[in-house]
Amino acid sequence: MDSLHWLRQGDAVTQGTALVLLAMSVASWVVVFWKLRFLRQSTVDVARCTAAFWQAPSLQEAQDRLAAFDRQNVVTPLVAAVRPVVEAAGSGTLATRGGLSQQLTRVLRDALHGAIGRLQFGQVLLATVGSTAPFVGLLGTVWGIYHALTAMAGAGQVSIDRVAGPVGEALIMTAAGLAVALPAVLAYNVFGRFIGRVEAELEGFARDVRDMLLDDAGVPPAARAGD
């Protein structure tokens, strides 16, 4: 209760700092819970989708099957990207000029970037909160100590008993900054490992799909750009 009283009695800087830390904490926890669900489903979906793809008799059938497994839509865009290239082979548009290898590399690269962007969503926020929250808390502590000492200096006689309370309450801001930053840093590191694993599986799947389509088209390995 004493700490809340100190916060209510604080000026705009103290209260603003506390509100910023609260907003950081809420935002980071929302991202943490969302990414827990997203990455858990994505990890399972990638394994199921790749298995379903290789069991399908055609690209159309494979894309239809993936719709039932790809809840987070991280694998289906890769298959959807290569279908127009295969179906439009030989047309006169700029998108289909060049070898089939270059076309598949381009569309798969773009699809991978989109999928990886979905996987990476929220990581910047977690990194930002983890790196800045301690300094925001430190700012609140320094300002709170300054504000408390100024008030006591104007009151006349200053003793250690009168200093200890306000200074200790101001230090709560530092603890709050660390409490906001630590979960964000831990979540960023843990999620980074899962994201790296899913990215590697998606890249391997994209390469396998590209090689399969080039084999079907009779493109020799020596003529495959990007290998």
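Start with the whole chain as a surface: it exposes about 12,400 Å², and carbon and sulfur atoms supply 65% of that area. Keep in mind on this tour that you are looking at a predicted model.

Now switch to cartoon. You should find 7 helices and 0 strands, so reading from the N terminus the order is simply α-α-α-α-α-α-α. Colour by burial and 37% of the 227 residues count as buried. How much of the contact set links residues 24 or more positions apart? Among contacts with a separation of 6 or more, the share is 74%.

**Stop 1: the core**

Select F53, V75, V82 and L202. In the largest nonpolar core, which has 47 residues, these four touch the most other members. Which helices feed this core? At least two residues each come from α2, α3 (59-69), α4 (76-87), α5 (100-120), α6 (123-154) and α7 (160-217). Helix α7 gives the largest share, with 14 residues.

Stay on F53 and show what surrounds it. Setting aside neighbours within four places in sequence, F53 is in contact with L59, A62 and L66, as well as V79. The rest of its list is F205, V209 and M212.

**Stop 2: R83, an arginine under cover**

Next, pick R83 in helix α4. Is this arginine buried or exposed? R83 counts as buried because its relative accessible area is 19%, and the cut-off for buried is under 20%. Show side chains here: R83 makes a polar contact with the side chain of Q63, at 2.9 Å. Beyond residues up to four places away in sequence, R83 touches L59, Q60 and Q63. You have met L59 already, in the contact list of F53.

**Stop 3: the loop before α4**

Slide back to N73, in the loop between α3 and α4. What is the phi of N73? It is positive, about 55°, although N73 is not a glycine. That is worth a pause, since most residues other than glycine have a negative phi. As for cover, N73 is partly exposed, with a relative accessible area of 38%.

**Stop 4: along helix α2**

Helix α2 spans residues 12-55, and there are several places to look along it.

Select Q15, which sits in α2. Q15 counts as partly exposed because its relative accessibility is 33%. Now add G140 to the selection and draw a C-alpha to C-alpha distance: 8.6 Å in space, with the two positions 125 residues apart in sequence.

Then select L19, L22, V26 and V30. Together they make a nonpolar patch on the surface, with about 390 Å² of accessible area. V30 is in helix α2, and it counts as exposed because its relative accessibility is 53%, where the cut-off for exposed is over 50%.

**Stop 5: L125 and its partners**

Finish on L125, in helix α6. L125 is partly exposed, with a relative accessible area of 32%. Which residues does L125 contact, leaving aside neighbours within four places in sequence? The answer is A27, S28 and V31. For one last distance, pick the C-alpha atoms of L125 and M24: they are separated by 8.9 Å, while the two residues are 101 apart along the chain.

Terms used
Residues numbered from 1 in each chain as written. Predicted model: local features only at pLDDT ≥ 70, side-chain atom pairs only at ≥ 80, totals over all residues. Heavy atoms only, no water. Patch = residues over 30% accessible without salt bridge, like charges linked within 9 Å, V, L, I, M, F, W, Y side chains within 5 Å. Areas by Shrake-Rupley, 256 points an atom, 1.4 Å probe, with all protein chains shown as cover. Salt bridge = Lys/Arg side-chain N within 4 Å of Asp/Glu carboxyl O. Helix = DSSP H or I, 4+ residues; strand = E, 2+ residues; numbered from the N terminus. Buried < 20%, exposed > 50% of the residue type's maximum accessible area, 1.4 Å probe, protein only. Contact = heavy atoms within 4.5 Å. Core = buried A, V, L, I, M, F, W, Y, C linked by side-chain atoms within 4.5 Å. Polar contact = N/O pair within 3.5 Å; in protein donor to acceptor, adjacent residues only side chain to side chain.
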